[in-house]
Amino acid sequence: MSSPNGPASGLPVRMPRPRQSGRHRRPEPVAAPEGAPALVLAVPGVPSPASRALAEETVSIARSELPGLEVGVGYLEGDESEYASVAGVLARISARRTERYEIALAAGREVAAPEGPAAVVVPLLAGPDSALMERIRQAVADSGAPAETTDVLGPHPLLAEAVHVRLSEAGLARADRARLFTVATAADGIVLATVGGEEAVQAAGITGMLLAARLAVPVMAAALDREGSVGAVADQLRASGSTQLALAPYLIGPELPEGLLEAAAKDAGCSAAEALGAYPAIGKLVLSQYTTLLGIAPRPQGLPTH
């Protein structure tokens, strides 16, 4: 079971690599400053063992990139028993900060009163979803804790990379354009599917352009949660000359309603790749949102400004 501080005991936790010696050693990761706010990952959708494993892997990656970081996982639909809610996690983190301060005062230490956010909430969302973001902000307000909320993770080049990897794993794209082998089932047109309304489709379109540049095939965004959208986009791609399509979710996973992807693939008459899931870049992007909001550490290497 998860705790507000992160993975439960017994689950693997990524640890920073040992420091390399020599002239060309990699720079040491920046550690979280003392008293830095906790990072709380807000997980949408109905909680499940799969979404918990994904969330714990994501915060494990973030913590390995910034040693000393306090992390928590909260679920928008958490029930405070097996799955903690966002509001509950925030309330407990804020209470712990106050308790630490009071203990320090009782011990006679000269310490400043806590100020600023106790936590930074990062939505586990690849693209915008106004309804889910409003629920996250409401959960923060309900907690009574001093906390700030970041934007979603995309659009970002690393998300285009992640979609490419998922397509290649499904045999729907070459793993690398520079390689000389062919994939018999490689698609010549991609429907990049998302949820969250028109704003989400527009944001997916930006990642779609990055993906099209990687694959050298047309990519068009569509709304999984708008009836007929995926089929209409598939028809457009076929009308422009694509004959073998693939459906690629521009979604991390927990926000995807069960059965929706399969129904859309059937409607479009094509195969579908898996959602992004615990792709390693997701954890780095989560950390990037946290550090960028606070300005406490440089952006992780390989994460350009977007």
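## What covers helix α6?

What covers the buried residues of α6? Keep in mind as we look that this is a predicted model. The cover includes three strands, β5 (189-194), β6 (219-223) and β7 (245-249), along with the helix α7 (260-268).

And which residues of α6 are the buried ones? The helix runs over residues 229-239, and its buried members are S229, V230, G231, V233, A234 and L237. Hang on to L237, as that name comes back below.

## Just past the helix

Keep following the chain and you meet G241 just after α6, with a positive phi of about 115 degrees. Then there's S242, which sits in the loop that links α6 to β7.

Is S242 buried or exposed? It's buried, because its relative accessible area is 5%, and the cut-off for buried is under 20%. Setting aside neighbours within four places in sequence, S242 is in contact with D188, G189, P218 and L237. So L237, one of the buried residues of α6, touches this loop serine too. With D188 there's also a polar link to look for: a polar atom of the S242 side chain lies 3.0 Å from the backbone oxygen of D188.

## A pair of tyrosines

Now for something else to find on screen. Searching the whole structure turns up one aromatic pair. Its partners are Y75 and Y83, arranged edge-to-face, with 5.3 Å from centre to centre and 80 degrees between the planes. Both rings belong to buried residues: Y75 has a relative accessible area of 1%, and Y83 has one of 8%.

Terms used: Residues numbered from 1 in each chain as written. Predicted model: local features only at pLDDT ≥ 70, side-chain atom pairs only at ≥ 80, totals over all residues. Heavy atoms only, no water. Phe/Tyr/Trp six-rings, centres within 6.5 Å; stacked < 30°, edge-to-face > 60°. Buried < 20%, exposed > 50% of the residue type's maximum accessible area, 1.4 Å probe, protein only. Helix = DSSP H or I, 4+ residues; strand = E, 2+ residues; numbered from the N terminus. Contact = heavy atoms within 4.5 Å. Polar contact = N/O pair within 3.5 Å; in protein donor to acceptor, adjacent residues only side chain to side chain.
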